[in-house]
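Me: I am new to this structure and would like a close look at a single part of it, the largest pocket. Please describe what lines the pocket and then what lies around those parts.

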Amino acid sequence: MAETWDVQQLVADGYARVDVELDWVDGPRAGLVDVEGTTHYFQCYDVDGDLDEYVVWPASEAVVALEREQWAIFVRWNQRYEAGSAGIESHPAHGGIDARFDELAGLLAQYRQPPPGARHLVADWRFDAGDRYRADGTDYWVCWSLVSPSGE
């Protein structure tokens, strides 16, 4: 298990909690998080499998509301799954399970693609000791820095 950090210390150190997880493969790949006071999408840039470089772009308030609605559907499913009352086959992302989840996926697909000019940032990840998935986000936090011009 990854080292966990105190939430107050994370905030003091400039970390932001990931609000919505959209993809996780060997680490955070995509989601929504606050960047400089505004909610942004982030997506792994995947240069040579590097999980530290990301493209980041702002999300409108209306889109964020839809993302949070879909996230809440997932979190409710995950609570049932963790409690043993739902199986993996009922995961809403499989399609045809939750009509609203499916509708939101269709509405949000266009916003989840990085636009031209998206910023390239480097992520430093930390975890808190809370539940993995919760209505207000995840148990992981990020602090962003600029990509080094030399790639180092």
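**The largest pocket and its surroundings**

Reply: Strand S1 contributes the most to the lining of the largest pocket, namely five residues. The model is a predicted one. S1 covers residues 16-24, and helix H2, residues 61-83, is another element that supplies at least two residues of this lining.

The space in the largest pocket comes to about 270 Å³. Its lining has 14 residues, and those closest to the centre of the pocket are Glu 21, Leu 22, Trp 71, Phe 74 and Phe 101. By type, the lining divides into eight nonpolar, four charged and two polar residues.

Two of the residues closest to the pocket centre, Trp 71 and Phe 74, also have a place in the largest nonpolar core. That core has 19 residues, and Trp 71, Phe 74 and Tyr 41 are the ones that touch the most other members. Two or more residues of this core come from each of strand S4 (53-58), H2 and helix H3 (99-108). H2 gives the most to it, with seven residues. H2 therefore has a part in both places, since it supplies at least two residues of the pocket lining and seven residues of the core. As a general point, nonpolar side chains tend to be buried together in soluble globular proteins.

Phe 74 can be followed a little further. Leaving aside neighbours within four places in sequence, Phe 74 is in contact with His 91, Pro 92, Phe 101 and Tyr 133. Phe 101 in this list is also among the residues closest to the pocket centre.

Apart from the largest core lies another core, of 15 residues, which includes Val 18, Phe 42, Leu 121 and Val 142.

Phe 42 leads on to the strands. Phe 42 stands opposite Val 56 in S4. The strands S3 and S4 run antiparallel and are joined by five bridges. S3 takes in residues 38-44 and is mostly covered, with five of its seven residues buried.

S3 also pairs with strand S2, residues 28-35; these two run antiparallel, and six bridges join them. Val 35 stands opposite Thr 38 in S3. S2 and S3 form a hairpin that has two residues between the strands, and Glu 36 in the turn has a positive phi of about 55°.

To return to the part asked about: the pocket is lined by 14 residues, S1 gives five of them, and eight of the lining residues are nonpolar.

Key
Residues are numbered from 1 along each chain as its sequence is written. This is a predicted model: local features need pLDDT of at least 70, side-chain atom pairs count only at pLDDT 80 or more; totals for chains, interfaces and linings use all residues. Side-chain values use heavy atoms; hydrogens and water are left out. On a 1 Å grid over the protein atoms alone, a cavity is a set of points where a 1.4 Å probe fits but cannot get out, and a pocket is an open set with protein on both sides within 12 Å along at least five of seven lines; lining residues have an atom within 4 Å of a point. Grid points are joined across faces, edges and corners, and a volume is the space filled by probe spheres set on the points. Helices (H or I, at least four residues) and strands (E, at least two) are DSSP runs, numbered from the N terminus. Ala, Val, Leu, Ile, Met, Phe, Trp, Tyr, Cys and Pro count as nonpolar, Asp, Glu, Lys and Arg as charged, and the others, Gly among them, as polar. A nonpolar core is a set of buried Ala, Val, Leu, Ile, Met, Phe, Trp, Tyr and Cys residues joined through side-chain atoms within 4.5 Å. Buried means under 20% relative accessible area, exposed over 50%, partly exposed in between (1.4 Å probe, protein chains only). Contact means heavy atoms within 4.5 Å. Two strands pair if DSSP finds at least two bridges between them.
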